[in-house]
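Let's walk through this fold together, strand by strand and helix by helix. Keep the viewer open as you read.

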Amino acid sequence: TAIKPNYSDIDTYHMAACCIDEAVRNVIAIGGTLERIALLDNFCWSSSNEPGRLAQLKRACQACYDCATGFGTPFISGKDSMFNDFNGFDAQNRPVKISVPPTLLISALGIVEDVRKCVTMDAKMPGDLVYILGETKDELGASEYYALMGEKLTGKRFIGNKVPKVDVRRASKLYQALSEAINRGLVASAHSLSDGGLGIALAETAFAGGLGMDVDLAKVPMDKLGRNDTVLFSESQGRFIVTVSPQKKEEFEATMRGNVFAPIGQVTGDGEFTVRGLNDNILIKENIDELKEAYKKTLRW
């Protein structure tokens, strides 16, 4: 599943497209194929009687059509919840209207012919190579990073302008190659990048496997990015983190040829999560247990 109502603050077309792309990627990452994926939609919207909200709904629906037909992943069911608006009065008896943000939940399901070929997101062995698949762009609009920095600096989240955009044709080619690599047993782990971008996906892969990681941001395929935080936290779509045994390096790279990908580091056995910046300086060096605790502590009752 995927849900990104924050992207609607910029453009509901790209919000919907990113939801579809992420939902599809989540299936691909465990071993699914584009040929056997179907989608379900769940719209949660405010009053379509308002021209602006209706226009946002139209753009979201257009993205659903464009991405579903582009990926070849049909919608087989769904649910719409409209007119989610509250009309009332505040403490001073002034009229108040509260509407839900334009929200779309996309669920994807697929068929995997042989469950023994499925992969999980956790890093498996020290010495395995860490690859990023897909290009990282300056797409921090409505990101988790902007929200965090805005709350810290001003008490209100930043939004920005450059919302992530989906390139269906380019993504489809990459997804088909990764599906083949997984089917051939060339991938030890695969994790789809989503909220928080590369930095979060790398940390999740490392501490999920109880292993460390040493990564160099200068090796990340990127579109003229000069800032470490942009590389780390951009939420560009169509990307994965995968780990690969060194013995399978050549075969994996041959399978992925023609797509954007690069080795950016290595899994380590020391329990340290290390990220080197664009100028080879150490940006992050933390114990994976501490990272995992920071990740989980706010979810505890």
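Two strands count as paired here if DSSP finds at least two bridges between them. With that in hand, take the sheet in this predicted model that runs in the order β8-β10-β7-β11-β9-β12-β13: seven strands, open, with mixed pairing. At its edges sit β8 (189-192) and β13 (282-287), each pairing on one side only. Going from one strand to the next, the twist averages 20 degrees.

Zoom in on one pairing inside that sheet. Strand β9 (residues 212-216) and strand β11 (residues 261-268) run antiparallel and are joined by four bridges; V215, for instance, has G265 in β11 as its bridge partner. Helix α5 (residues 197-208) packs on the sheet, touching β7 (129-133), β8, β9, β10, β11 and β12 (272-276), and its direction makes about 35 degrees with that of β10. Helix α1 (residues 12-30) lies across β8 and β10 (240-244), running at about 175 degrees to β8.

Now over to β2 (residues 37-44). With β6 (residues 103-110) it pairs in the antiparallel sense over eight bridges, and I37 stands opposite G110. With β3 (residues 75-81), β2 runs parallel, joined by six bridges; here N42 partners K79. Add helix α2 (residues 51-71) and you get a right-handed β-α-β unit made of β2, α2 and β3.

So what does α2 meet in α4? C67, G70 and F71 in α2 meet V168, A171, S172 and Y175 in α4. That contact divides into five nonpolar residues, two polar and no charged. The axes of α2 and α4 (residues 168-183) come within 10 Å and cross at roughly 35 degrees, in a right-handed crossing.

Definitions and conventions:
Residues numbered from 1 in each chain as written. Predicted model: local features only at pLDDT ≥ 70, side-chain atom pairs only at ≥ 80, totals over all residues. Heavy atoms only, no water. Helix = DSSP H or I, 4+ residues; strand = E, 2+ residues; numbered from the N terminus. Right-handed = clockwise from strand over helix to strand, strands pointing away. Axes fitted to C-alpha atoms, helices over the stretch in contact; angles between N-to-C directions. Left-handed = near helix turned anticlockwise from the far one by under 90°. Contact = heavy atoms within 4.5 Å. Nonpolar A, V, L, I, M, F, W, Y, C, P; charged D, E, K, R; others polar.
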